[in-house]
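Me: I'm new to reading protein models and would like to zoom in on one small part. Could you walk me through it slowly?

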Amino acid sequence: MGLVIPWSITLLVVDAYSVFIQYLPVQRRLIMIIFFGDMMLSCLSLAAACSTASIADLLLDAGGSHCPPKLCGRYQLSAAMAFLSWFLSSVSFLFNFWLFSSL
């Protein structure tokens, strides 16, 4: 998940730059880089979300001695945010797939 933040910030800067100069990047190579980056990060985000959710479930089933309630709540929140990140990344991937095929 540490790769998602720099990738998202980079895309934010590129999008903000293109909005301010009022020029949309329709270069096939740039769209392909964004497309494959979103595809890879979407898969990695789903893997991180699933592993976090399984660890949180395992710790909850093991009993209270392995997981204090506050810590388990943080694990569950982390899993929920990872699934949200995966969903948004996959939406971006699908949008870029549509944009790439229309070029």
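Leaving aside its neighbours within four places in sequence, which residues is Ser-89 in contact with?

Reply: A quick word on the ground rules. This is a predicted model, where local features need pLDDT of at least 70 and side-chain atom pairs count only at pLDDT 80 or more, while totals for chains, interfaces and linings use all residues. Residues are numbered from 1 along each chain as its sequence is written, and side-chain values use heavy atoms, with hydrogens and water left out.

Now to your residue. Once the neighbours within four places in sequence are set aside, Ser-89 touches Asp-38, Leu-41 and Ser-42 (contact means heavy atoms within 4.5 Å). With Ser-42 we can be more specific: a polar atom of the Ser-89 side chain lies 3.5 Å from the backbone nitrogen of Ser-42. For reference, a polar contact is a pair of N or O atoms within 3.5 Å; within protein, one must be able to donate a hydrogen and the other to accept it, and residues adjacent in sequence count only if both atoms are side-chain atoms.

Where does Ser-89 sit? It belongs to helix α3, residues 69-102 (helices are DSSP runs of H or I, at least four residues, numbered from the N terminus). Ser-89 counts as buried because its relative accessibility is 12%; buried means under 20% relative accessible area, exposed over 50%, and partly exposed in between, using a 1.4 Å probe and protein chains only.

Phe-87 is in helix α3 too, but at 46% relative accessibility Phe-87 counts as partly exposed. Phe-87 also helps make a nonpolar surface patch of about 580 Å², together with Leu-77, Met-81, Leu-84, Leu-88 and Val-91. Patches are made of residues with over 30% relative accessible area and no salt bridge, and nonpolar side chains (Val, Leu, Ile, Met, Phe, Trp, Tyr) are joined within 5 Å, like charges within 9 Å. A salt bridge is a side-chain nitrogen of Lys or Arg within 4 Å of a carboxyl oxygen of Asp or Glu, and accessible areas come from the Shrake-Rupley method with a 1.4 Å probe.

Back by Ser-42 in the numbering, there's Cys-43. Cys-43 is exposed, with a relative accessible area of 52%, and Cys-50 is partly exposed at 40%. Their sulfurs don't pair up, because the sulfur of Cys-43 is 11 Å from the closest cysteine sulfur, in Cys-50, too far for a bond. A disulfide is a pair of cysteine sulfur atoms within 2.5 Å, and by that rule the count is 0 disulfides.

Conventions: Helices (H or I, at least four residues) and strands (E, at least two) are DSSP runs, numbered from the N terminus.
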